[in-house]
Structures are given as structure tokens and as C-alpha cells.
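User: I'm new to reading protein models, and I'd like a close look at one part: the salt bridges. Could you walk me through them, one pair after another?

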Amino acid sequence: MSQLPPLAVGVPLLVAALLAVVHPLLTRTVSDLVATVTALATAVMCLLMLVHVGSGLEIYWFGGWHPRGNLAIGIDFAVDPLGAGLASLVSVLMVLALVFSTRHLEVEQPYYHVLMLIFMAGMVGFSLSGDLFNMFVMFEVLSVAAVALVAYKIHERAALEGGLNFAVINTIGAFLFLLGIALIYSRTGALNLAQIGHFLHHSGNDRVVVIAFTLIVAAVLIKAAAVPFHFWLADAYAVALTPVCLLLAGAMSEIGIFGLARVYFAAFQPALGGSAPVLRAIFVGVGLLTALWGAVMAYVQDHLKRLLAFVTISFVGIFLCGVGLLSADGVSGTAVDVLADGFNKALLFACAGIIQHRLARLSQERLHGCGRHLRLTGPLFLAGGLLISSLPPFGPFLGKSMIEDAAIKAGYGFVPALIMLASGICGAAVIRAWARIFRGWGRAHEHAEDTSDEETEAEANEAQDRTPAVMLAPAVLLLIGTVAVGVWFGFADLAAKGGQRFVDFAQYHAGVYGAHVPQAGGSSDAPKFYDYLYCGGATLIALGLAALSLWGARLSRRWNDLTESASALLLPVRRLHSGRIGDYTAAVALGTGVLAALMILTLN
Amino acid sequence: MGIYPYLVAAWLAGVGFYGVITSRNYVHLVVCLTVIQASTYVLLLSVGFVNGGQAPIFADVPSTSVVVDPVVQALSLTDVVVEATVMALLLALVVQAKKRFGNVDPDSVNRMRG
Amino acid sequence: MSAFLAVLLTLVAVSATVTVLIREPVRQAIVLGIMGLFLALLFFTLQAPDVALSELTVGSLVIPVMLTLTIAKLRALDARGDEAQEDEDEESRG
Amino acid sequence: MRPRYIIGLVGIGLLVAALAWAATGLPAFGHYNQAYGRVAARDAVPTRNGTNSVVITSFDYRGFDTLGEEFILFVSVTGVVVLLRRMRSAGREEDSAASSGEIEEEDMRASTGERWLGAAAVGPVAVLAAYVIIHGQLTPGGGFQGGTVLMGAAAFLALGGESALMLRIRGSSSPIEIAESIGAGGFAAIAFGGLIAGGVFFFNFLPYGKAGLLTAGVVPLDNIAVGLEVAGALLMVTSELFEQRLRGGAT
């Protein structure tokens, strides 16, 4: 049995500890080098795992504690294509982020590198783990590391507020997770996902299972930031160091979605599968709400990173729709979309980082027309915007089209239209920002209140006059990645097989208990014509909406009144994002309570 | 009466949430988080309890005697210490917050973020 | 379930409620320590000596100490006023 | 009444109700009956010659969890350092010299009685800590509790007004930091040792002994590593906060 799974987590942890020991001897360059090489090694290991496992399933029992009969004594890593794929995405993004951050003046070795490595180890471990409590532990590892990284810019008020909100809400999420574990353990006497599933397969569904599932779902949705658990995200992502944002937006939110899918398909499916239609309705509903909420909020943002943070939320909603369909197609579509849009969002954050590096601010108002001389960043940013609006035939298009096909197959014909709307609005927000910053189009001062002057403090204390290659190169690579996902259809087929493997509980259980799991079959069917219509439509919506909001006033005087009344309508929603931890916690409590009520009423 | 411990755990969680939501002082808020955390331990340990069971430590009891569940104890044992340092991290954030905004009121964020 | 256990559980619940309702940090830290004590007793009664030992040391020693230090620090910062805050900012940038 | 309170109370009500409702479905208190715990408890003695099945569970059966937990500890301490010390990293020497100056003033306030109390408490507490740590696999205790007790020794020092010593521990804070990192790294290293010696990560590769201290293979080593880690971590966070307080008290 290959030793890669434990090494992919153990090596970064060990290196992080060593870095902390020897840091007095190291220069910044050396710790950059060590961290990057470690991340690279992890990425290679994850990719090797991905290749090695194909569309099968490989189990690694720590300490050699193989299960006795049906009883899992130790902890296992269950490496399946999607888990290994997510781990690879995480570690690849980490490599790029570390390269990106070599020129960051804020970064102080070695703590930054220690935190980043442990953050990565936590995410890799979470995506490979096959044990519920182990998932919780990895969840904690990555949360705490992320908190420290978000609050890294200690002399910025906004960073501290974001860090505090993030810390408190995610700590609450961890407690909900642990409560859920306690409940399910008392019912099944198991912590191993497959064993839980096996027990539930025979004992069936009851109130304990329902509430345990609810609590765990609430916890992972907090991490993924689905409405109404999402408030912390914008505050945190808007202020984190840009290289950290690459990972937060590109991987951490997806980790939450992955956790939801893993827990459902590997543990709770046998008990709750019977009521799949109800769950589907709940998840898809929450997903669509999140997608539209995030899109609208992104559209009205002035601060660039905050805008991208809401784009992230909107896409979490789309992922949640895909996974929430609880079908193999939905899962594989989400996998492709997570890959493509993970790269894409990371690309946009990288561009934001370059803008901040060059122009030392992030408010669209104050950046108006300032980016004309950034010859390379501009096109990259525009490309990112077009891809956000799922421009055919590239990666985001492929992912969304797969999700939409799955939705139609599951009888949710209205989902594609709403996804089109959401990604269109997100694209409009990004493209408009491009037009304002890099072209100086449209009037300045469209927003009455500029809320973000405090958040636009520069990471590099003053504007730099040239863009270092280590910042540009990752952005270019990310763009290539986003495009490639769509151009090479191999991804779609891999994801289709991976989805098949992921949702197949019988095979998962058999594999965990030592049976050989065959390679999964299945291949993806090429996008249909209406996929091109939906996604092309999204792009058109994006361009049209952007153009309208830039020049609408010229077309007719009505436009201004329209925007006035629209923003007046939107004001209450915006007020909800108050930055006050009490409000956010109240929202979390309400969300969890309502979720529980829904599940009780429908699943029992 | 057979579910009283579970109800206590639920109560702790509710009270802690209430404290976090209504808190006007970050230190108080962190303390309320430790209350929610206590509920998880109470729940874990009470679900693993067995009437008349001994502690699962066979230094002084024969290895055949009935014992309570050691797994839940292992889970909470590590967590107790770990969460203490997480609280320390939160307190460090609070101290910094005090330095930066000069107060520790979670509601002091005075501008609408949108 | 023994009456003693019931009493302990009630004590934990009550002390937790009091902890939350007290808004004055120092007294709160003290009550939290007491709650830690009750929790440790409870865990001991639940036949979990290991957890009880952790909770005893952490809940009624470490966390109260950390809280007191934090509170003292916050008070000190109050005493210093804003001009000190300025030079902190300088310091942090330097 | 702010809308937040209404929303929050409704949410809490639903949440608590849901938990209570689930509680009615749980096996009645004291009637828990599942195999995992029994097996974990029964096997500890025969397979590992340890007697404390809780510690054996958390360091042997589920050692990987404990590794993760240890790194949560590690990363949160790193976070505290980032937040509280980083700003002073420039010119740390003068800085700590200055703050030790402040310490002296602080000490003056501590009565000699307290000092003796503190000093007297240290030795026994430290010994107790060592005992708790190395007997982890046999009797209640182990790295986590022992480490905390060990940190308690330092806390006694602080409370006893021996802050100067405490600061000497921290002033050149590399010793604790290194001890802490070695604790974290050492645990991982033991896991790698299993990989090298036994071909499996976390394989318990040392002889299990017959009885007494040298049983349960690597578990005692794990306990020592964790003890170092925990003591170092708690000591660092408290002394960072302590240092903060002293700096705050100054000027």
C-alpha cells in the first residue's frame, strides 16, 4: 500500500515544526524556499495519489489498525478521486500563493510560512480523511491557521475585526460539529464514516440521526459560508493578505462543500437516502438563495476584495446546488466547477493583489482610471471577469453546464436560469470594475457611501512602480489552468467517474473494509446546445449589465431613478452585513434552528 | 430523568449562544464560547457513561469489570487542553482590538459595511 | 442516575448561566473557574478521571489566569490613553 | 428590544428544542452499549500492556487525531505570537531589557511571603507534572494533563511574584519556543518512526514491555512530547499575555 496519504499531511506538519525551531538561523529567502518546496512536494504527492487511485478507492489505516470484523478501531484515510483532486487543488494553489507572497513586504518569516504549511496540511487531511472525528480535527487545524492568517495584518482595524468575526463564528461551527459527532456516536458507536453508514443502513433513520446530521451540516455550511452562515466571509476575505485570499477563495470555501458531500454520501446516505427529494429541495433552495444573494451583494460593492469575496459566496451557492442535487452528475459537475472556478477566483484575487501592490488601494472609486498603465494585469482581470460569467467553452462553462444538466435531469428545470442570472451578475460586477479601473469608463462616484476607505490600506505601504514577475506568473498560470479545464474534456470524464465513485456507498463501505474497489465507469456527455445558451446568456447579461451601469444614464434619465430605487430596496439587505459579531451569531443560531426544524418536519 | 444530562448539555449550548449574541464585551464573549464548549464535553461524556461502570483504567480494577466508554473520554481529553489555546488566540485578538480601536465592544463597528 | 450526579449537573448548569449573565469580566473569570471546578467534579463522577484532571487544571487554573492577564492588560491600556496607542501603531509599522 | 435579540432568541429556542428532542431519542443515560469503546478498553491491557485505555486510545488507536490536536495547539500559539509579539520583533533586545526593567517594579509589589509560597510550590508541582506525564499509559494523566500541571509550576512562579524568573524564561523566549516546537515536531517524528520501523505511519514500533513505566511502546514517548508541547504552549501564551500586561502597565 502506498505511503503517500500520510506523507501528504505529515511532511508539511513536520517541516512547519522544524521551521519554528530553526527560524533564528533562516533568512526570509530560505524560509520562502523551504515552504515553497514543501508545498510543491505535497502537491506532487497529491497528484501522484490522484493518478494512482484513478477512479478507484484506496484506504490507509494509521498505525496499521485494520478493522476487526465490522469494527473500525483506528483512523483511515479514504483516498478517492475527488478527495485526492481537492487535495491537489489545495496544494497547487498553496504553491502559487507562496510564490506570489515572496515579494510581500508584510510577510514576516517564519510564522507566516509555519501557518501556511499547517493550513495546507489541515485542508489536505480534511479532504482525505475517512473518519468523522478526524475530519473535525482537521477542520479545527485549518480554521485556526486561517484565523491567524486573516488577522495577520495586526495594525489594520479591519483585519482585526475580520479575524475576530471569523474566529468566533468558526469556533461556534466547530462546537456544532462536535455536538453532532457526540450524537451520532451515541447512536452508532462509530466514528468511521463507512461504519456509521453501515450501522445506519440497518438501523435506519431516527431523530438522533436527523439532528446530528443537521448540526454537522450547519458546521460545514458555516465553513462554506452559505446564507445565512456567510456573514463572516466578506469581512475576513476582504482584509486577509492576498496570497491567503488565493487559498481562502480558491479552496477553503470548497472544503466546506466537500465536507457536506462526504458526510452525506459516506455516512448518512443509507439512513437519509430515502428522503433524498426533501434534502435536495432544502440544499438547492439554500444554494440558489446564496448564489443570488452573493451576486447582488457583489454587484453593489466598491471595495475590490470585498466584491470578490461576495463573488466567492455566490459561487459557493452554485456549488451547493450541484452537490445538493445528491446525484453523481451533480457531484461531478461541482467537482469540475470547483476546479475551474477555484483557479478563476484565485486569479482575480491575484489581480487584486497586483493592483494593491501597484496602486496601494482597492476602492473602485479611488482607483477610477488609475490602472490604464497596467498593460498585463488589465487583460488578465478582464479574462477573469468573462470566465466568472461562464464564457463558453472554458472551464467555468464546462462546470456550470454539467451542474445545469444534472439539475434538469433531476427535474429542477428552473435552476439553470437562476445560475445564469447569478453568474451573470457576478460577471457584471467584475467586468464593470475592470472598465472603471483599467479603462476609466463610466462616471466616478456612483456609490453614495464609500464604506471601504479603512479597508483599502495598502499591504505594501506605498505603491510600487513595477509588478514583480513572481506576482504576474502565478496569475498567468491560474488563467491557463481555468481555460485548460474546459478545453481538455478529459477533466469532465475523470470527474464523471469520480462522481460515480463518490456517491456509491456500497463500494465505499466495501473498500474501507478491505475489498478491492474496481475503477468506476461512466463518462460525461458533451454540453448540449442549451448549455451554450444559458452560459452564453450569462456572459451577455454580464456585459449588458456592466455597460448599462456604466453608461445607462446616457441612455435615459429614468436609469438613475431606477438605480436609486433599487439601491433603496437593497439597503436593508446590505445593513445585515453589519460587521457585528452578535448579529452574525444570531443569524447562525437562526439558520441552524430553522434547518433543524425543516429537517425534523420533513425527515421524520 | 434518564435524559437529564443531555438536557443540561442542550441548556449550556443555548445559554452560551445567548451570551455570545448579547455580549457587549469581547472578553465576556470569549467566556461564553467556553460555556458552549462545556456543553460538548458534558454531552460526549454522558453519552459514553454506563451505569455502574468503572473508569476505563485497569490499574486498580480487574480487566473484566464493566467500564464506561474510553473513546469519548479520549476525544474530550485532548480537546479540553487544545481549546484553551484557541481561547488564548481569541484573547490575543481582543488585546490587539483594544489597542487598535480603543474599546472591546463587539458593537463598536460603527460604519455599515454592506 | 445517582442524586449526587443530578446535583452536580444542576450546579454546572446554574454556574454556567451565572457565568453568562455576569457582565463584569473579573467576577466572570472567578465564576468561570468555579464552573470549571464543578465540571471537573462532574467528569470525575462520570468515571472520566483523565478528562477531570484536564478540566481541573485548564478550566480552573489556566483559563482564569489567561483571563485575568487579559483583563489587566485591557485596564492598563485604558490607563494609557490614546497617545500611547499612537506609538504602538508606529512600533507595529517599524 | 433589538431585532438581533428576537432573531437570536428564536434561533436558540429552535436549536435547544431540537437538541432536547434528539435527547429523547438517545439511549437513556447510563445505558450506552456499543462495541468500539469496549474493544478499545479491553484491548489496551493485553495488546499494549498499558492500563489506562483512555491514553492508549488517544495515543495509539487514534494517535493521528492527537497529532492534529497537537498542531491545533501549535498553530494557535503561533497565532498568539504573531498577534502579540510580532510587532515588537524589531529590536527585541532593547525591548526585553526595557520590559525586564518594568518587571523589577512589578516585583516590588509582591510580598516576600508570596514569593516563598511560589518558590516552595514550584518544585513539588514540577515533580508532580513529571510523574503525571510518564505514568500516562498506566494511571489517569498523561501528556496533556501533565503538561498543564507543568505550566502550573510557572504560573505559581508568576503568582508568587517571581516574575523576573518567568521573564527570564520568556525574555529570551527561544527555549520555550524550541521546547514547544520540539514537542510538536517530536510527536510527528515518532509517527514517522513508525513509518520507518514498521512501514505504517503511527505504527507503534517499540516493545510493549511487561508492566510498569516502559510499557505500551511509543505511548510514553508520545506523552513526553505532548507534555513538552502543552507546557510550552500554555507557558508561551500566558507569558505573552503577561508581557503584554507589563508593557501595558508601563508608562
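Analyst: Let's start with A:K528 and A:D525, whose side chains meet in a salt bridge at 3.8 Å, N to O. Keep in mind as we go that this is a predicted model. How accessible are the two partners? A:K528 has a relative accessible area of 30%, so it counts as partly exposed. A:D525 is also partly exposed, with a value of 46%.

Now turn to a pair formed by A:D583 and D:R4, where the N to O distance is 2.4 Å. This salt bridge joins two chains, because A:D583 sits in helix α23 (residues 581-603) of chain A, while D:R4 belongs to helix α1 (residues 3-23) of chain D. The two partners fall into separate accessibility classes, as you can check one by one. A:D583 is partly exposed at 22% relative accessibility. D:R4, in contrast, has a relative accessible area of 5% and is therefore buried, since buried means under 20%.

Another pair stays inside chain C: the side chains of C:E24 and C:R75 form a salt bridge of 3.5 Å, N to O. Here C:E24 comes from the loop between α1 (3-21) and α2 of chain C, and C:R75 from helix α3 of that chain, so the contact ties together parts that lie 51 residues apart in sequence. On the accessibility side, C:E24 is partly exposed with 26%, and C:R75 is partly exposed too, at 48%.

Salt bridges can also link up beyond a single pair. In this model, A:D131, D:R62 and D:D65 are linked in a network of salt bridges. The residues named in that network come from chain A and chain D, the chains that A:D583 and D:R4 also join.

How many salt bridges are there over all chains? A search of the whole structure finds 16, and the pairs above are examples to try finding in the viewer. A good way to practise is to pick out the 2.4 Å contact of A:D583 with D:R4, then look for the 3.5 Å contact of C:E24 with C:R75, and finally return to the 3.8 Å contact of A:K528 with A:D525. As you do so, compare the buried D:R4 with the partly exposed A:D525.

Methods
Residues numbered from 1 in each chain as written. Chains lettered and ligands numbered in written order. Predicted model: local features only at pLDDT ≥ 70, side-chain atom pairs only at ≥ 80, totals over all residues. Heavy atoms only, no water. Salt bridge = Lys/Arg side-chain N within 4 Å of Asp/Glu carboxyl O. Buried < 20%, exposed > 50% of the residue type's maximum accessible area, 1.4 Å probe, protein only. Helix = DSSP H or I, 4+ residues; strand = E, 2+ residues; numbered from the N terminus.
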